[in-house]
Amino acid sequence: MSLTANGQRIVVNDVHLSYGSHAVLRGLTLHVAAGEIYALLGGNGAGKSTTMSALLGFVRPDAGTVEVAGYNPATQADQARAQIAYVPENVALYDHLTARENAAYLLALAGRRPEPQAIDAAFEATGLQEAAWDKRLGGFSKGMRQKVAIAIALLREVPVLLLDEPSSGLDPKATADFNRLVHDVARRGAAVLMVTHDLLSAADIADRIGFLEAGRIVDEAAAQGADRFDVRDLHRKFTAESVAA
Ligand SMILES: Nc1ncnc2c1ncn2[C@@H]1O[C@H](COP(=O)(O)OP(=O)(O)OP(=O)(O)O)[C@@H](O)[C@H]1O
């Protein structure tokens with residue numbers, strides 16, 4: 001891993017990206033440091049998934065800079081992806097394999113062969129109940145699948161965690177468990193970027209929240225004090241008429 005200047009693990013600087021004539025990212029700038037959780041909030045079509053795709057090197061910006069732990073995903077996709085644990089909205093795991101087998105197999109694909117005890121410890125850290133460790137994933141809830149995915153992310157010990165709509169479809173208890181877990185991952189030093197519509201979840205765990213609108217950040221809020229965020233104020237901003245037009 002190489003680090004970018006000033007310890008930022010995710011750097012997006014003045015990025016413009018169009019699909020044909022449709023401009024989607026229009027001067028997007030955001031930075032996420034090691035140990036920080038940044039929530040990118042935006043409505044449908046704001047450019048959240050496109051931002052993720054640019055970080056993963058699946059789409060290439062027309063202008064601007066993207067760096068993940070010092071690598072440019074557009075030109076160094078393999079190196080950049082090796083730094084990232086990506087948990088998509090619907091986690092892709094193997095239903096016919098058990099939780100332990102999924103972890104061992106997916107980690108082997110990533111070139112890691114952790115001891116079985118390390119896998120157990122990671123499951124333990126995520127709060128996945130022990131009775132599920134040797135069960136096939138076919139019957140797992142979304143929350144349980146996310147725990148397996150996060151356990152794998154923990155075992156890869158990568159510096160960047162990307163979460164796409166992590167709380168959609170989770171009940172409040174599962175959301176709270178998941179948020180706690182993401183917090184732990186950040187405390188271990190990962191830079192976490194989550195894209196979401198879920199204002200409450202963002203307010204619960206993010207250190208900073210950026211409001212993405214029409215492909216750029218139109219407002220940003222940082223957690224402060226015990227109350228962290230003024231949720232009513234955030235809600236007002238999130239539901240306000242476009243300020244980017
Ligand atoms: N491959 C593509 N080709 C053309 N247009 C696309 C493509 N992918 C996304 N778009 C368009 O780009 C815009 C931004 O899409 P994106 O998926 O990044 O938004 P989003 O913020 O993730 O939205 P949502 O919350 O609905 O998932 C949308 O207008 C979408 O229709």
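In the predicted model, Val 160 is in contact with Arg 9, Ile 10, Val 68, Ala 69, Gln 83, Ile 84, Ala 190 and Ala 191, when neighbours within four places in sequence are left aside. Val 160 is also among the residues with the most contacts inside the largest nonpolar core, together with Ala 151, Ala 153, Val 185 and Val 192. This core has 71 residues. Helix 5 (residues 142-156) supplies the largest share of the core, nine residues.

Val 185, another of the residues with the most contacts in the core, is one of the buried residues of helix 6. The others are Thr 175, Phe 178, Asn 179, Leu 181, Val 182 and Ala 186. Viewed down the axis of helix 6, the buried residues fall within an arc of 165° and therefore line one face of the helix. Lys 173 and Arg 187 are exposed on the other side of helix 6. The buried residues of helix 6 pack against three strands and three helices by name: strand 3 (37-42), strand 6 (160-164) and strand 7 (191-196), and helix 4 (116-126), helix 5 and helix 7 (199-205). Helix 6 comprises 16 residues (172-187), which at 1.5 Å a residue should span 22 Å; the end C-alpha atoms are 22 Å apart, in agreement with that value. Just after helix 6, Gly 189 adopts a positive phi of about 110°.

The ligand is surrounded by Tyr 19, His 22, Val 24, Gly 42, Asn 44, Gly 45, Ala 46, Gly 47, Lys 48, Ser 49 and Thr 50. Strand 2 (22-33) and helix 1 (48-55) are the elements that give two or more residues to this shell. Helix 1 gives the most, with three residues. By class, the shell consists of three nonpolar, seven polar and one charged residues.

Positive phi values also occur in residues other than glycine. Ala 214 has a positive phi of about 45° and is placed in the loop between strand 8 (208-213) and strand 9 (216-222). With 19 other C-beta atoms within 10 Å, Ala 214 is partly exposed; 20 or more would make a residue buried. For Arg 228, phi is near 65°, again a positive value in a residue other than glycine. Arg 228 lies in the loop between strand 9 and helix 8 (231-239). Arg 228 is partly exposed, with 16 other C-beta atoms within 10 Å.

Conventions. Residues are numbered from 1 along each chain as its sequence is written. This is a predicted model: local features need pLDDT of at least 70, side-chain atom pairs count only at pLDDT 80 or more; totals for chains, interfaces and linings use all residues. A nonpolar core is a set of buried Ala, Val, Leu, Ile, Met, Phe, Trp, Tyr and Cys residues joined through C-beta atoms within 7 Å. A residue is buried if 20 or more other C-beta atoms lie within 10 Å of its own, exposed if 12 or fewer, and partly exposed in between; C-beta atoms are placed from the backbone. Helices (H or I, at least four residues) and strands (E, at least two) are DSSP runs, numbered from the N terminus. Two residues are in contact if their C-beta atoms, placed from the backbone, lie within 7 Å. A residue is near a molecule or strand if its C-beta atom, placed from the backbone, lies within 6 Å of it. Ala, Val, Leu, Ile, Met, Phe, Trp, Tyr, Cys and Pro count as nonpolar, Asp, Glu, Lys and Arg as charged, and the others, Gly among them, as polar. The expected span of a helix is 1.5 Å times one less than its number of residues. The arc is that of the directions from the helix axis to the C-beta atoms.
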